[in-house]
Every structure is written in structure tokens, then in C-alpha cells.
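Here is a short tour for a newcomer. Keep the sequence and the 3D view open while reading.

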Amino acid sequence: TPAFPVYTQEEVSKHRTLADGMWVTYKGEVYDITDFVALHPGGSKILLAAGGALEPFWAMYAVHNQEHVLEILNEYKVGKLCPEDCKKQVVSSDPYSSDPPRHPALRVNSQKPFNAEPPSLILSENYITPTAFFFKRNHLPVPKVDPAAYRLEIEGLPNGPVSLSLDELKTRFPKHTVTATLQCAGNRRSEMNRVKQVKGLDWGIAAISNATWAGARLRDVLLAAGYVPGGTVRHVQFEGLDKDVAGTTYGASIPLRKAVSEEGDVLLAYEMNGEELPADHGFPVRAVVPGTVGARNVKWLGKIVLSEEESSSHWQQNDYKGFSPCTDWDTVDFKSAPAIQELPVQSAITQPEEGSVVDRSLEEVTVKGYAWSGGGREVVRVDVSLDGGQTWQVAQLRGASEEGQEDAPSPPLGQAWAWKLWELTVPLPEDAQELEIVCKAVDNGYNMQPDSVAPIWNLRGVLSNAWHRVRVTVSE
Ligand code: HEM
Ligand code: MTE
Ligand code: MO
């Protein structure tokens, strides 16, 4: 094999466009990735690295620290970087180095950015998910925010922008408390992956958790800031303080109607489960949008914009949307589908776990799980089957009042923001050696879960809410 030519950084830097060829460097080697740009699973972000080093970008998107990524890169090698320029390359520091410590019991789907779910058993053991075990879904490094210097900027108001300190948010507005379940759009994505590969983190059934949030009502803050109903504003945009390498922040928006409704209960939360909001969950302030997909509950909230338009962020426009099973990455048109807001009815079995062994001598089996629906719709029933869905029994539902929150009244119509845990103890069928346990929930709109995954499969693996099935064996 011929020796690779040696290039200077100056030469590499000339190749910054698809027309001139696009070159990058990695660990002292030079690559011409012109032909790969259109194939990149991470999209056009790859253009940011044109003419320079990949290291600082891959430190941010650690998904690249995999053998198969390096194999792809190797196919495009065209030369070496001269030793003098290699020495000049700054060693990029890890943008995740100030991420907070996390509980080792969490099941990590991605370390950088940090994405993890609790063991699913923990969910049904606690009506309020302990904060350490609340699922964590970050797209970027956790930003370090100085609470004393923190400002919440509000734009798009008739009398000009308003800026609030953390103290003002806490003292100028009544503190409102809401118990609300948060669910990631990708919860249960792994079941879609089993039908056909989708793109995204391989979540199990625990990218959902329940907490008590406290803070100022968004409605109160907007009205005090000068918002007047009846104008042309249609959307409330949220911007996080977490940024990618190009300085782009995480962002999302919700419909104005939800944001200012008296019954919407949208919070600018500064407390979670009675304590200061932790770093992973948005310190010092996050949006809590009850009944709405996790992605709109923007953490580390830095700015609110009232607008005629939805957020222009990638996560509002080109992600978190549902598509037909027939749509693939070659045909998908993100503009053709609305952004996910309210989520559909959901339930899953947390106990027993898939593949576990049920003891026959106990003569009965206890099945537990969670059930929740979006948009404030209350779960009114959960059906459980031990024979793959041929025969059913109704589980016992446990809402807030049954879960140690004795004074909790049942939620007003349209404001059932929190999940219900459920449970059913049934005699073991006489000669069954295997059980296929199934659950399905019904909400107060009589919406029910679909019976299988294939008809709701979609390329991004979102909205995965088919009947949950768990196979167990019965010991002799
Ligand atoms: C994902 C390759 C440069 C941003 C990926 C994946 C591959 C890949 C194979 C999918 C990984 C997986 O899911 O297993 C490459 C190669 C690059 C390159 C060969 C250089 C030649 C970049 C750069 C950026 C970037 C410079 C950012 C500035 C991303 C992002 C994803 C991704 C954000 C995740 C997409 C998602 O969430 O599904 N890349 N990449 N990549 N890449 Fe790159
Ligand atoms: N807000 C910011 N600023 N950055 C993020 O990456 N992730 C969103 C949302 N808010 C995210 C964010 C997504 S997709 C989800 S599911 C929830 O936060 C997760 O909230 P949690 O980590 O508190 O469980
Ligand atoms: Mo999410």
C-alpha cells in the first residue's frame, strides 16, 4: 500500500465545502468525507467540522465513540496531518465534565449526553418517583447555572421584554404545586426496535416518572409581564440554557391556549418533590407542562418567547413527530406532521419482569404496573390478561389518595396529570407452564391502547403504546 501523503492544517482548511471537497482531521489523520455528508445519521451538523478537527464535536456527541463509527471514517482516509500541526491541536476538554453525579442503579442508555431510566420495579414501588430514580433525558451537557445571576427573559410582549430573577419568580408569584407524570416520547421504543430498527435511544418501559413540582404558574407570570389575551400570539416558545458546539440551545414550544389556560397548570417550576430542582432536571427553573410530552418540558429555562410561530428548534420541527409505518428516512417530510404535544393513553407491567420465574407453590401471582394518559385525561380502567389477551380481569387502580396522599381529591375533569399505579392478584392457572401477561389501559375519553406494535411502528420510534406483554415461566 502506498504511503499516505502528508498535509498541513492550512491545506486541510481549504476543503470546507462540498464543491471543494470536505476534509476533516481525527487523531492526526486526514479524511475526505465529501461522499459521506449526505449519508450521515446525524444530519447536516457534520458540516460544522469542515476543514478542521472532529475531536471537539465528538466530545459533545459521544455517540461516535464506537467501533463502527471509526470503521466508517476509515473508508475516507486520504492522508496524514503534518506533525507540527498535530502538536498545535488543542486538546478538547470534555463538555460533560461538570455533569452531576448519578445513582448507579439507573440503567444508562447513553452516558454523554446522559440518558437513563430506573429499574422498572422502582416505578410501581413509589407513587412519587424518588428524584434520584426519576428518568433523565438530556440532549446536551448539563449547563452550570449560577442562581444569583440567573435571569428568565420573556419576549414577544406588547410592552417590551421582561427579565425576572430567580428571587422575583419565587416571591412575586404564588407558589403552585402540581403532581404530574412526565413521559418521554421515546418511552418503550425498544419494543418498536424489535419489529424493525428505528433511530433513537433504546428506552425500555421506564422513560416515565411521577413527581410533585412547585413553582410559579406560567399564566400568572405572563399576565404580570403584560401579556394581553386576544392578540396574534399562538405559541409559547421555551429556550434552554444548554447549548451545542455551535451555540444552539435546546428549545420547544407549546400552544398558547395550554400556556395561559387557568386549568392548564403549566409551571415555571423551581422545586421537585419538595426540594430545589436538581441539576439533571433543570436547575434552577424548568417548564412543567402537565399532560404534554416530555420534550416540551424545557429544563434550564432561559427564555420564553410569545410568538405567532412554533419554536424553530430542531426538536420542534424535525423530531418528536409521528408518522405512518410506511414512511422511511428517504420519504419522510417533517413538515407534513404536527409536533407531538398531548400523549396517547399508556400502561405497562412493572412486575413480574420479562423472563422471570413465578413460583407455582404460591398458587397466585401479583401483577403491578403504571397507567397514564396525556392531555389531563384520567385513566379509568386497566385490564390484565394472563393468557396473551384471550381472557381479561380488571386491575385495582391506585391514584394519589390511595398512595399515602390521603387528602388528595380525585382530579377535576381534564386535570388528571398524574399516573395511576395498578395491581391485580390472580390465582395461577392450573397447568400453565408459561404465562403471557398483558395489560391495557382505558382513559376517560374511552381511548384504548392498540393491541400490537407493527401498525403503530414509526421511523423515530415514538408514541410506542401497544398492549404491554411480559412472558414468564411457572416453576414446577
Ligand atoms: C450520529 C458518523 C461527524 C453529529 C452519527 C452516527 C454515525 C455518525 C455512524 C450514528 C451512530 C449510532 O447511532 O450508532 C459520523 C462520522 C463523522 C461524523 C463518520 C465524521 C466524518 C459528526 C459531527 C457532528 C455529528 C462533526 C456534529 C457537529 C452527530 C449527531 C448524531 C450523529 C448529533 C446523533 C443523531 C441522532 O440522535 O440520531 N454520526 N459523524 N457527527 N452524529 Fe455524526
Ligand atoms: N430541556 C432541555 N433544556 N434540554 C433537554 O435536553 N430534554 C427534554 C425535556 N426538556 C431536554 C429538556 C426531553 S426529550 C424530556 S423527555 C424531558 O426533558 C426529560 O426530563 P427529565 O430529564 O427531567 O426526566
Ligand atoms: Mo424525550
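Which residues does F238 touch, not counting residues up to four places away in sequence? This is a predicted model, and the answer leads into its interior.

## The nonpolar cores

F238 touches L218, Y250, G251, A252, I254 and A287. The list goes on with V289, R296, V298, L301, K303 and I304. Residues up to four places away in sequence are left out of this list.

F238 belongs to the largest nonpolar core, a set of 56 residues. V236, F238 and I304 touch the most other members there. Two domains feed this core: domain 2 (107-336) and domain 3 (346-474) each give at least three residues. A second core is separate and has 23 residues. Among them are V384, C439, A441 and V472. In soluble globular proteins, nonpolar side chains tend to be buried together.

## Three domains

The protein divides into domain 1 (6-88), domain 2 (107-336) and domain 3 (346-474). Take the first two of these. The C-alpha centres of domain 1 and domain 2 are 34 Å apart. The two domains do meet: nine residues of domain 1 contact nine residues of domain 2.

## The iron atom of ligand 1

Which residues are the protein donors of the iron atom of ligand 1? They are H40 and H64, each through NE2. Both lie 2.0 Å from the iron atom. H40 sits in the loop between β4 (29-32) and α2 (55-60). H64 sits in the loop between α2 and α3 (67-74). The pair is 24 residues apart and links distant parts of the chain. Both H40 and H64 are buried.

Why is the arrangement around this iron atom octahedral? Six donor atoms surround the iron atom, and they subtend angles of 88 to 179 degrees, so the arrangement counts as octahedral. Ideal angles for six octahedral donors are 90 or 180 degrees.

## R377 and its surroundings

R377 lies in the loop between β21 (364-372) and β22 (379-385). Is R377 buried or partly exposed? Its relative accessibility is 23%, so R377 counts as partly exposed; buried would need under 20%.

Beyond its neighbours within four places in sequence, R377 contacts E342, L343, A416, D443, N444 and N447. With one of these, E342, the R377 side chain makes a polar contact of 3.0 Å, side chain to side chain. P344 is 33 residues from R377 in sequence. In space, the C-alpha atoms of R377 and P344 are 9.4 Å apart.

Definitions and conventions
Residues numbered from 1 in each chain as written. Chains lettered and ligands numbered in written order. Predicted model: local features only at pLDDT ≥ 70, side-chain atom pairs only at ≥ 80, totals over all residues. Heavy atoms only, no water. Core = buried A, V, L, I, M, F, W, Y, C linked by side-chain atoms within 4.5 Å. Buried < 20%, exposed > 50% of the residue type's maximum accessible area, 1.4 Å probe, protein only. Domains from an automatic or database assignment. Contact = heavy atoms within 4.5 Å. Donors = N, O, S within 2.8 Å, 3.2 Å for Na, K, Ca; no water. Tetrahedral: all angles 85-135°; square planar, octahedral: opposite > 155°, others 65-115°. Helix = DSSP H or I, 4+ residues; strand = E, 2+ residues; numbered from the N terminus. Polar contact = N/O pair within 3.5 Å; in protein donor to acceptor, adjacent residues only side chain to side chain.
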